[in-house]
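User: Please take a close look at the empty spaces in this protein. Where are the pockets and cavities, and what lines them?

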Amino acid sequence: MLAMSAATFEDLSSGSGIVARLQAGSTPAKHLIETMVGGVGLLDYDNDGKLDVYLVNGAEQPSLTKTSPAHWNRLYRNLGNFKFEDVTERAGVAGVGFDIGVAAGDYDNDGNTDLFIAGVAGNLLYRNRGNGTFEDVTLKAKLGKPASKPWAVAAGWFDMENDGDLDLFVVNYVKWDPGIEPVCGGAIRTFCHPREYIGQPNSLYRNNGDGTFTDVSVESGVAAHMGKGMGIAFGDIDSDQLPDIFVTNDTEPNFLFHNMGKGKFSQIADPAGVAFNDDGRALSAMGVDFRDWDNDGRDDLFLTALTNETFPLYRNAGKLQFTDRTYASLVGKATLAWSGWSNGIYDFNNDGLKDLFAACSDVQDNTELYSGRASKQSNLLMINRGDGSFAAQAVGNPARHRGAAFGDLDGDGQIDAVITRIGEAPLVLKNSFGDGKHWLSLRLRGTSSNRSAIGATIEIQTLDGHKQTNRVSSAVGYASSSELAVHFGLGRATKVATLTIRWPSGKIQTLKFPAVDRYLDVTEP
């Protein structure tokens, strides 16, 4: 039995003003897309210093269109003190189709965060005009998606060549046709296993720097690999300052695209030890985060999967190799009975050690009818003990959780969470676990016309010699997008001796004794 963590997070969902329910477009036919909604993004769309919330939603079937406001995607503006107002209509970001995921990033370097929406029947790119409104520039940007292509589940912004312009990686799932949906489950109808569908390659779009993109999926090497993609995260496995890409696949081997430079990628998940679990099985891998959880300076991996599969935890051993630490860390034991979707590696209790969080729920909505398991599950928080192991706690009431995004919603230096729930409004969690401990969060901005700092890495060292590393990335978990600010918990340390930033441009910047317990804005020199 897991310990409940009532004192760790406070549920402020009721009274937050975020009331939109996640619509799966459920039908008796149990179409596969109904299991996949829906992502959530945390971004400061109006540059007022407060994180706003964007919720992705489904649509009616079989039209796959948003025929009523109940299906709209929603943008909620942060008013402070965990109060939000719905500005969807004013901002013009309701969406048009059956949407799954969201990726937030400033693709045109104008200082305003834009939104890419991944969907079943088409994707959207919303350009932030900077006046509280967005415009649909999907076709103008040359990102229009032909109907013959598979549905996209997730996406992420990164700078693959470190040229200052954000490129876009889109995670595609399977070829799906509602007219020929397989019938699965026998007397009790269930959603079908992924083996009933044909996998698809992912898509990579290079930013041309003029507001348009070029599809470089083939020449980059990405399109050569067929999968059933679910989650995406970026890291740097060999510290060569070129961002690498990890894609989780559903019942297929995962992908690790090693950045070879000049727009080329090599898929090395199998030799690197992260294509399968420690038993040599390809799991139903869902969410992923790509961060240094053991403070050795190398980017590690944390994945979610389904019941009886565990949530894999990989440690970067250097030399393009990972070791599976799932069971040694006690994460395997803690997660064996759970099904996970979105996830994140963050220091939730501000003790200087990054913890693990997973949004949980079974895939099926009727699990109780044919097994001893439940469709609805609580979430999992796994606290880093500092000895390579984690202690698990249940968070929140059982629900059909899906997307999760992480960030400091009230500016108190603690990482909060917003988690979507099928059929319900999202779960809004205020973190109070780090009360009384010190922290430092960085908001980075590159030079050259507001170029993005996504991909920058930061190392801090406290006076006692304790080091931590982290990176700028919004691509976290499943179908979701988290805060770009980089957070460090400091425990009882009241001073940071050195702070070193390695910018995507190659510049290295060192700050001495920055003040703590604050947000620090840093511009590339």
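Analyst: Here is a tour of the open pockets, then of the closed cavities.

This is a predicted model, where local features need pLDDT of at least 70, side-chain atom pairs count only at pLDDT 80 or more, and totals for chains, interfaces and linings use all residues. Residues are numbered from 1 along each chain as its sequence is written, and side-chain values use heavy atoms, with hydrogens and water left out.

Some terms come first. Rolling a probe the size of a water molecule over the atoms shows where empty space is left. The search uses a 1 Å grid over the protein atoms alone. A cavity is a set of points where a 1.4 Å probe fits but cannot get out. A pocket is an open set with protein on both sides within 12 Å along at least five of seven lines. Lining residues have an atom within 4 Å of a point. Points are joined across faces, edges and corners, and a volume is the space filled by probe spheres set on them.

Start with the largest pocket, at about 760 Å³. It has 37 lining residues, and Asp44, Asn47, Thr113, Arg443 and Leu484 are the closest to its centre. Strand 3 (40-43), strand 7 (99-105), strand 32 (438-445) and strand 38 (519-523) each give two or more residues to this lining. Strands here are DSSP runs of E, at least two residues, numbered from the N terminus. By type, the lining holds 15 nonpolar, 12 polar and 10 charged residues. Nonpolar means Ala, Val, Leu, Ile, Met, Phe, Trp, Tyr, Cys and Pro; charged means Asp, Glu, Lys and Arg; the others, Gly among them, are polar.

The second largest pocket holds about 430 Å³. Of its 26 lining residues, His193, Pro194, Leu306, Val363 and Gln364 are the closest to the centre. This lining splits into 12 nonpolar, 9 polar and 5 charged residues.

Now the closed spaces. The whole structure has 6 cavities of 30 Å³ or more. The largest cavity takes up about 150 Å³. Among its 19 lining residues, Asn162, Pro243, Ile454, Gly455 and Arg471 are the closest to its centre. Strand 11 (152-158) and strand 17 (229-235) each supply two or more lining residues. The lining counts 9 nonpolar, 6 polar and 4 charged residues.

The second largest cavity has about 120 Å³. Its lining has 16 residues, with Arg291, Tyr346, Asn470, Ala485 and His487 nearest the centre. Strand 29 (401-407), strand 34 (467-471) and strand 35 (486-491) each add two or more of them. Here the split is 7 nonpolar, 4 polar and 5 charged.

Note on methods:
Helices (H or I, at least four residues) and strands (E, at least two) are DSSP runs, numbered from the N terminus.
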